[in-house]
Amino acid sequence: MLFQRAQAQFTDRVDAVGPGRWDAPALPGWSVADLVAHLTREQLRVPPLLAGGEPDVVAGQVPTDTDELLGDDPLAAWETAADDALTAWAAPGALDRIVHLPGGSTPALHHLVAMTADLTVHAWDLAHAVGGVTALDAELVAAALRYAEERLGDDGVPGTVDAPVAVPPGADLQTRLLARFGRRA
């Protein structure tokens, strides 16, 4: 399952965050800790969403505060949330369900693909922020790029995904993926 590989790739990046690096800037307005907390929260939302939870109810069930989400051990918080999400996705019939998201209802499989792409791009963000390994799993990159080309508008997703940036002709898949999500490799 590509989702599990994307989780593992992100886990490797979280595990590589050194002491004193949690406050480093990762994205505009987000520290490394905020980025990890964002993805931890996304994982925590999976079980109640797959159980049919409404977005506003689910949002109220999952903390939003970085310190509350990560506690004293960000890696353990991430891994626990990731394991719970993976278990929920692996449940019989999970991929056939409909999930209710703030933007409307969508097939669970589409949400899984979006989460996989998000994990892939954010693995790069995290590694880039702390000077870690920025090379991404090629199969995950290809899948995330397919998702981006099919699902993201020409202006990105206002408030969520930056507009694409230009890439030189012949750019590799990872560079094209990052550019599609508004990043410069």
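Me: Before we look at the helices of this predicted model, what is meant by an axis and by the angle between two of them?

Reply: An axis is a line fitted to C-alpha atoms, for helices over the stretch in contact, and the angle runs from 0 to 180 degrees between N-to-C directions. With that in hand, H1 and H6 are found to pack at an angle of about 20 degrees, while their axes lie 9 Å apart.

Me: What makes H1 roughly parallel to H6?

Reply: Angles under 35 degrees count as roughly parallel, and the angle here is about 20 degrees, so H1 is roughly parallel to H6. The crossing of these two helices, H1 and H6, is left-handed.

Me: Which residues make that contact between H1 and H6?

Reply: From H1 come Leu2, Phe3, Ala6, Gln7, Gln9, Phe10, Arg13 and Val14, and from H6 come Leu112, Met115, Thr116, Leu119, Thr120, His122, Ala123, Leu126 and Ala127. Sorted by class, the contact of H1 with H6 has eleven nonpolar, five polar and one charged residues.

Me: Why are H2 and H6 called roughly antiparallel?

Reply: The angle at which H2 and H6 pack is about 165 degrees, with the axes 10 Å apart. Angles over 145 degrees count as roughly antiparallel, and H2 and H6 are therefore given that name. H2 also passes H6 in a left-handed crossing.

Me: Which residues of H2 and H6 meet?

Reply: On the H2 side, Val32, Leu35, Val36, His38, Leu39, Glu42, Gln43, Val46, Leu49 and Leu50 take part, and they meet Ala108, His111, Met115, Asp118, Leu119, His122, Asp125, Leu126, Ala129 and Val130 of H6. Divided by class, the residues of this contact of H2 with H6 are 13 nonpolar, four polar and three charged.

Me: What makes H7 oblique to H8?

Reply: The axes of H7 and H8, the latter spanning residues 173–180, come within 9 Å and cross at roughly 40 degrees. Because that value is not under 35 degrees, nor 65 to 115, nor over 145, H7 is oblique to H8. Here, too, the crossing in which H7 passes H8 is left-handed, and the residues of H7 that take part include Val141 and Leu145, while those of H8 include Leu173 and Leu177.

Me: How do you know that H6 gives the most to the lining of the largest pocket?

Reply: A lining residue has an atom within 4 Å of a pocket point, and H6 supplies 15 such residues, the most of any contributor. The lining has 46 residues, of which Ala114, Asp118, Tyr147, Thr160 and Val161 lie nearest the centre of the pocket. The space in this largest pocket is about 1400 Å³.

Me: How many residues of each class does the lining of the largest pocket have?

Reply: It has 25 nonpolar, eleven polar and ten charged residues.

Terms used. Residues numbered from 1 in each chain as written. Predicted model: local features only at pLDDT ≥ 70, side-chain atom pairs only at ≥ 80, totals over all residues. Heavy atoms only, no water. 1 Å grid on protein atoms, 1.4 Å probe; cavity = no way out; pocket = protein on both sides within 12 Å on 5 of 7 lines; lining within 4 Å. Points joined across faces, edges and corners; volume = space filled by probe spheres on them. Helix = DSSP H or I, 4+ residues; strand = E, 2+ residues; numbered from the N terminus. Nonpolar A, V, L, I, M, F, W, Y, C, P; charged D, E, K, R; others polar. Left-handed = near helix turned anticlockwise from the far one by under 90°. Contact = heavy atoms within 4.5 Å.
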